[in-house]
Amino acid sequence: MYITTMENAFSLAGKNAIITGGSKGIGFGIATAFAQQGANIAIMARDEASGKKAAEELSSKYPGTYRYYKCDIADMKSCKAAAESAIADFKYIDILVNNAGIAITGNLLDMDEDIKPWLDCINVDLNGAVRMSYFIGRHMKETMRGGRIVNISSNASESPSKTVNMTAYCAAKAGINLFTKGFALEMAPYNVRVNAIAPGFTFSNFMAGMSEEAADMMAQGIPVKRFGRPLEVGALAVYLCSPASDNITGEVVFIDGGHSLAI
Ligand SMILES: NC(=O)c1ccc[n+]([C@@H]2O[C@H](COP(=O)([O-])OP(=O)(O)OC[C@H]3O[C@@H](n4cnc5c(N)ncnc54)[C@H](OP(=O)(O)O)[C@@H]3O)[C@@H](O)[C@H]2O)c1
């Protein structure tokens, strides 16, 4: 439904959202932004301790409902079980953010013949989003309440030169971009908008272990000369899940300080 006033145009009040990988990094930034805009959240991730801790932290600060669900997006049965549990608890899901992902580095020719790192990367970064979209997309179609799906891509989806030795990751994220557009067409008749966010370098566990000097050096190649912050990605996700963006679907929005423009 399109907006007629800016009042509550960016509100997520009362919306129920699943955020995969919502326990850490960008996912937790998205969860924090959603909580501040009034959403209830189901965090899905593999590690129980950090998942529960994230849900508890949100519960201690914001009035909504925040729960953790154990889920490995690399596994269809695990996705089904987590999706069913969240639907049973929340009654319906309005928003799915497919954020969980891994970064795999390494040249293709250095891999063994089973090309396991390549297959693992595609299995998590591309197929993981497809699995959750299958279960929650079906749910959204059945409930006929409409909905929003946001896939977290990367600026590496269009430019392998920004992330050296990460061809599998770039290919998975390029797949996410086209999946987003195709699924947007498939879901439009059910009033479900599907978009993607393509961050550039953003402070998170991805960056764990990197020295400040190394981060500063990497930032020099970015036009705005800094890395992004998880809450900034969260703010964009709020927009793409709020009434304000109802006329946007199938888009991939870059948030990388202009890095994709730099040679
Ligand atoms: N940080 C960046 O610079 C950057 C840039 C562009 C795009 N991105 C994208 O942003 C997303 C989040 O990245 P991040 O930097 O925030 O990573 P992160 O700090 O490492 O967090 C990753 C999150 O995903 C979860 N996760 C990983 N594998 C999973 C699996 N198989 N099943 C379920 N959950 C899983 C992790 O929890 P568990 O380990 O407990 O499962 C964690 O909550 C990814 O899709 C990444 O590709 C990041």
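Two strands pair if DSSP finds at least two bridges between them. Keep that in mind for this tour of a predicted model.

**Stop 1: strand S1**

Select residues 16-20, which make up strand S1. A residue counts as buried if 20 or more other C-beta atoms lie within 10 Å of its own. By that cut-off 5 of the 5 residues of S1 are buried, so the strand is largely enclosed by the rest of the structure. Now look at the two sides of S1. Asn-16, Ile-18 and Thr-20 lie on one side, Ala-17 and Ile-19 lie on the other, and all are buried.

**Stop 2: from S1 to S2**

Add residues 40-45, strand S2. S1 and S2 pair in the parallel sense, over 5 bridges. To see how they line up, pick Asn-16, which stands opposite Asn-40 in S2. Then follow the chain between the two strands: it passes from S1 through helix H1, residues 25-36, to S2, and this β-α-β crossover is right-handed. Another pair to pick is Ile-19 and its bridge partner in S2, Ile-43.

Stay on S2 and check how covered it is. The strand has 6 of its 6 residues buried. One side carries Asn-40, Ala-42 and Met-44. The other side carries Ile-41, Ile-43 and Ala-45, and both faces are covered.

**Stop 3: from S2 to S3**

Select residues 66-70, strand S3. S2 and S3 run parallel and are joined by 5 bridges. Click on Ala-42 in S2, and its bridge partner in S3 is Arg-67. Here too the chain crosses by way of a helix: it leaves S2, goes through helix H2 (residues 48-61) and reaches S3 in a right-handed β-α-β crossover.

**Stop 4: the other side of S1**

Return to S1 and select strand S4, residues 95-98. These two strands pair in the parallel sense over 3 bridges. Ile-18 has Leu-96 as its bridge partner in S4. Next add strand S5, residues 147-152, which runs parallel to S4 and is joined to it by 4 bridges. In this pair, Val-97 stands opposite Val-150 of S5.

**Stop 5: the whole sheet**

Show every strand at once. In what order do the 7 strands of the open sheet lie? The order is S3-S2-S1-S4-S5-S6-S7, and the pairing is parallel. S3 and strand S7 (252-255) are the edge strands, each pairing on one side only. From one strand to the next the twist averages 20°.

**Stop 6: helices on the sheet**

Select residues 76-90, helix H3. This helix lies across S1, S2 and S3, and it runs at about 155° to S3. Then select helix H4, residues 116-143, which packs on the sheet and touches S1, S4, S5 and strand S6 (192-199). The direction of H4 makes about 175° with that of S4.

**Stop 7: the ligand**

Finally, select the ligand and the 28 residues around it. Which residues come nearest? They are Gly-21, Gly-25, Asp-47, Gly-101 and Asn-205. H1, the helix from the second stop, gives the most to this shell, with 3 residues. Colour the shell by class to see 12 nonpolar, 12 polar and 4 charged residues.

Key. Residues are numbered from 1 along each chain as its sequence is written. This is a predicted model: local features need pLDDT of at least 70, side-chain atom pairs count only at pLDDT 80 or more; totals for chains, interfaces and linings use all residues. A residue is buried if 20 or more other C-beta atoms lie within 10 Å of its own, exposed if 12 or fewer, and partly exposed in between; C-beta atoms are placed from the backbone. A crossover is right-handed if, with the strands pointing away from the viewer, the path from the first strand over the helix to the second runs clockwise. A residue is near a molecule or strand if its C-beta atom, placed from the backbone, lies within 6 Å of it. Ala, Val, Leu, Ile, Met, Phe, Trp, Tyr, Cys and Pro count as nonpolar, Asp, Glu, Lys and Arg as charged, and the others, Gly among them, as polar. Axes are lines fitted to C-alpha atoms, for helices over the stretch in contact, and angles run from 0 to 180 degrees between N-to-C directions. Two residues are in contact if their C-beta atoms, placed from the backbone, lie within 7 Å.
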